[in-house]
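Me: Could you pick out a part of this structure and take me through it slowly? I'd also like to know how it sits alongside the rest.

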2 protein chains.
Amino acid sequence: MPNKRKNKIIVQKYGGSSVADLGKIKKVAQRVVSYAKEGNKVVVVISAMGDTTDELVSRAKEINPNPSDREMDMLMSTGEQQSCSLLAMAIHQLDREAISFTGAQVGIITDTYHTQAKILKIETKRIKQELAKGNIVIVAGFQGLTKTSEITTLGRGGSDLSAVALAVSLKADLCEIYTDVEGVYTADPRVVPEAKKLKDITFDEMLELASLGAQVMHTRAIEVAKKFNIPIHVRGSFTEKEGTIIMQKSSYIEKPVVRGITLTSNEAKLTLCNVPDKPGIAAHLFNELARKNINVDMIVQNVSHKRTTDISFTVPKKNLTKALRISKSISKSVEAGEVISNETIAKVSVVGVGMKSHSGVAAKCFSVLAKNKINIDMISTSEISISCVVKKAAGKKALKVLHKGFKLDRIKS
Amino acid sequence: MPNKRKNKIIVQKYGGSSVADLGKIKKVAQRVVSYAKEGNKVVVVISAMGDTTDELVSRAKEINPNPSDREMDMLMSTGEQQSCSLLAMAIHQLDREAISFTGAQVGIITDTYHTQAKILKIETKRIKQELAKGNIVIVAGFQGLTKTSEITTLGRGGSDLSAVALAVSLKADLCEIYTDVEGVYTADPRVVPEAKKLKDITFDEMLELASLGAQVMHTRAIEVAKKFNIPIHVRGSFTEKEGTIIMQKSSYIEKPVVRGITLTSNEAKLTLCNVPDKPGIAAHLFNELARKNINVDMIVQNVSHKRTTDISFTVPKKNLTKALRISKSISKSVEAGEVISNETIAKVSVVGVGMKSHSGVAAKCFSVLAKNKINIDMISTSEISISCVVKKAAGKKALKVLHKGFKLDRIKS
């Protein structure tokens, strides 16, 4: 739909796999130029080429196993600077004006937390000048500058964040995130072949899907896009097909519709048995876990009918040993019973705005699983999702039957 | 002589071959730390690792055979930024504080001529702050920033220039240039095995030697060092031996001493025969050559005894075709005779301050060559050098006999 994008300000972000080699950079140049030729003002944010960042990290570690964050930022930021200038040259080769910039040059001002800096503001003056001159503007993603001229990087998902923040600052009409998947799917297509690509999805649904394991886009960038209501088009770098628009209100908003199902199996479950029914014990337990930087996901505690209750919760598998030690120590101090752990679990989640007000969704979810003889071990719900812990062995089956049960294989994509 | 360098401000420059791999970077770190431990304030300027710059150039050319100078500077400047941060990490690993900077960050302000920018000024505030904190300061060589925040590079010899300019701005006590030769020699040791390393040499002599083909240091940097009278110690990266000090007045200054002999064979000779003896013809010829950016080196025109004279001059071999075309056209227009060219020539030069006032040097030079049956084709002299054009086949022999004739094999190094 080329007409949709005439005379617009468009920010495009291409990830490392989209610029993995010189041939791919040339292809990206062609796409960028095709947008510019339609009269759009195009700002391109790109990541470092393919494995550049990994290579730089391994060089650094060879020199110093614990390199300083500041110097890592000096080193890492060169990757994006290189890909940027190469893309500018590729666009020049197609007879179009383009100019590349570091984060510092376009005034992407961040705080001082090296390797995981947060963007404070973007001074858009230079970019606007160059766009007005007819230039395609290319900005190194993932990087910025502190107020005292220190080079910073933005951490995981940093280039997505650069793109969204630029789109916000420039009041862009559209922000396109090019990636190696073609959009957001109703489930992981590698597990559920009949999964469908969604035409659009709300920011909240996408946040839920992203944090539940979909690898499309980083949550930080989605949060910023949501805050400033910048629609994002997630799409494949090497296809002309439309991807998925992430936006404030999806076209489906009034229907109690399930938009996607996710499956994760990187968590473990702990249960404190026979906890005395006194106030403050749960607070004590979860405060202690938080203090040790253990991210607790689901928490379930039933109303107790007896003098004692059971508390179950899930943590990332890598934190299980630490969580177990803390839980046992607390169990002992409050005179609770044994602590049971289970690593062979999977969590299947049904995501969609509006499901909370439609109790039918939860009921349907449970009955689909029951009909397929899948036992539910834990349940937790949010505004826009229902998550069930099941046996790990049943995870993929649960994903498939729920996908089919909610008729996601029949939506139009 | 470690005592000589206590509590000094020292600028050190390490070239690309000195930081060609991670192991060499670690060695450089050790040397830098040894200086800092002696109480010196050390500022290190380094080049990109080994072939990095060449690799970046070849990537650029693959994308675009005629990349823009501005984007080349964006790309090229990343090489030094990488080696800088890696050196900082290597120094940290030796438990010493260090901080790396781009040219932009320390305020190396240049003009706007991308790929061959000239340094306008250096704002030393940040460097002085970091030195005062006890940091070893590492600065990316070869690069700067324009007043409008464009990244520039300084062209050939750029890192030498960064080092000398920093030494000037910081009023450094010493500027050390580490390279893959151990100093300045009386002749090229590959041709004259008995060549000796000079303990010191004047800026003027070094300029003459550098422009005559010695590869030690770039003339631009020597010119700046001379202008601000900053002594430079040229020495080997991987040896503790003293190199050569380049300075205003050498310890030999009052003696009519020949300091070195150079040999080049990258020039060709042209002769315009039977040029009418009228004013303005030579001016016309050399103006025309200059307009076409042809660098004329030696020019010889004898006083004419007849109505006509011959004008001979040398040009770089790569410009011979162009120079020949221009010369023939001018010869025709002024009704001169034929134009003869000769590519099989070599130029041998005897260099040393004070030789002009000692006519004995020239006489000795000619007689040494004559005694060895080497015919002299052209002669030209400057304040501090005598150059003779000889047949190419006789070049190496001329270099050797002059080196021996002026007893350079017997000086103490």
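Reply: Let's start with a word we'll need: a residue counts as buried if 20 or more other C-beta atoms lie within 10 Å of its own. Keep in mind too that this is a predicted model.

Now try that word on Asp204(A), a residue in helix H6 (residues 203-211) of chain A. Is Asp204(A) buried or exposed? Asp204(A) has 20 other C-beta atoms within 10 Å, so it is buried. Leaving out residues up to four places away in sequence, Asp204(A) touches Val353(A) and Ile384(A). Leu22(A) is another story: Leu22(A) and Asp204(A) are 182 residues apart along the chain, and their C-alpha atoms are separated by 37 Å.

Staying in chain A, have a look at helix H5, residues 158-169. With twelve residues at 1.5 Å a residue, H5(A) should span 16 Å, and its end C-alpha atoms are indeed 16 Å apart, so the two agree. H5(A) is mostly covered, with twelve of its twelve residues buried. Among them are Gly158(A), Asp160(A), Leu161(A) and Ser169(A). Just past the end of H5(A), Lys171(A) has a positive phi of about 50°.

Next, hop over to chain B. Strand E1 (residues 9-14) of chain B is mostly covered too, with five of its six residues buried. What does E1(B) pair with over six bridges? That partner is strand E2 (residues 41-46) of chain B, and the two run in the parallel sense. If you want a spot to find on screen, Lys13(B) stands opposite Val45(B) in E2(B). To get from E1(B) to E2(B), the chain goes through H1(B), and this β-α-β crossover is right-handed. E1(B) also pairs with strand E9 (residues 174-179) of chain B, again in the parallel sense, over five bridges. Here Tyr14(B) stands opposite Tyr178(B) in E9(B).

Another strand to find is E12 (residues 244-247) of chain B, which is covered on both faces. Thr244(B) and Ile246(B) are buried on one side, and Ile245(B) and Met247(B) are buried on the other. Strand E10 (residues 200-202) of chain B pairs with E12(B) in the parallel sense over three bridges, and Ile201(B) stands opposite Ile246(B). Strand E11 (residues 232-236) of chain B pairs with E12(B) in the antiparallel sense, over three bridges, and His233(B) stands opposite Ile245(B) there.

Finally, how do the chains meet? In chain B, 27 residues are in contact with 27 residues of chain A. Helix H1 (22-37), helix H2 (52-63) and helix H3 (69-93) of chain B each give two or more residues to the side that touches chain A. H3(B) gives the most, with 14 residues. Sorted by class, that side of chain B has twelve nonpolar, eleven polar and four charged residues.

The chains also superpose: a rotation of 179° with 0.1 Å of shift along its axis puts chain B on chain A, with an RMSD of 0.3 Å. The two copies are therefore related as by a two-fold rotation axis. The same surface serves both copies, as 100% of the contact residues of chain B recur in chain A. And if you're hunting for the axis, Thr78(B) comes closest to it of the residues of chain B, at 2.8 Å from its C-alpha.

Methods. Residues numbered from 1 in each chain as written. Chains lettered and ligands numbered in written order. Predicted model: local features only at pLDDT ≥ 70, side-chain atom pairs only at ≥ 80, totals over all residues. Helix = DSSP H or I, 4+ residues; strand = E, 2+ residues; numbered from the N terminus. Expected span 1.5 Å × (residues − 1). Contact = placed C-beta atoms within 7 Å. Nonpolar A, V, L, I, M, F, W, Y, C, P; charged D, E, K, R; others polar. Pairing = 2+ DSSP bridges. Right-handed = clockwise from strand over helix to strand, strands pointing away. Least-squares fit on C-alpha atoms with pLDDT ≥ 70 in both.
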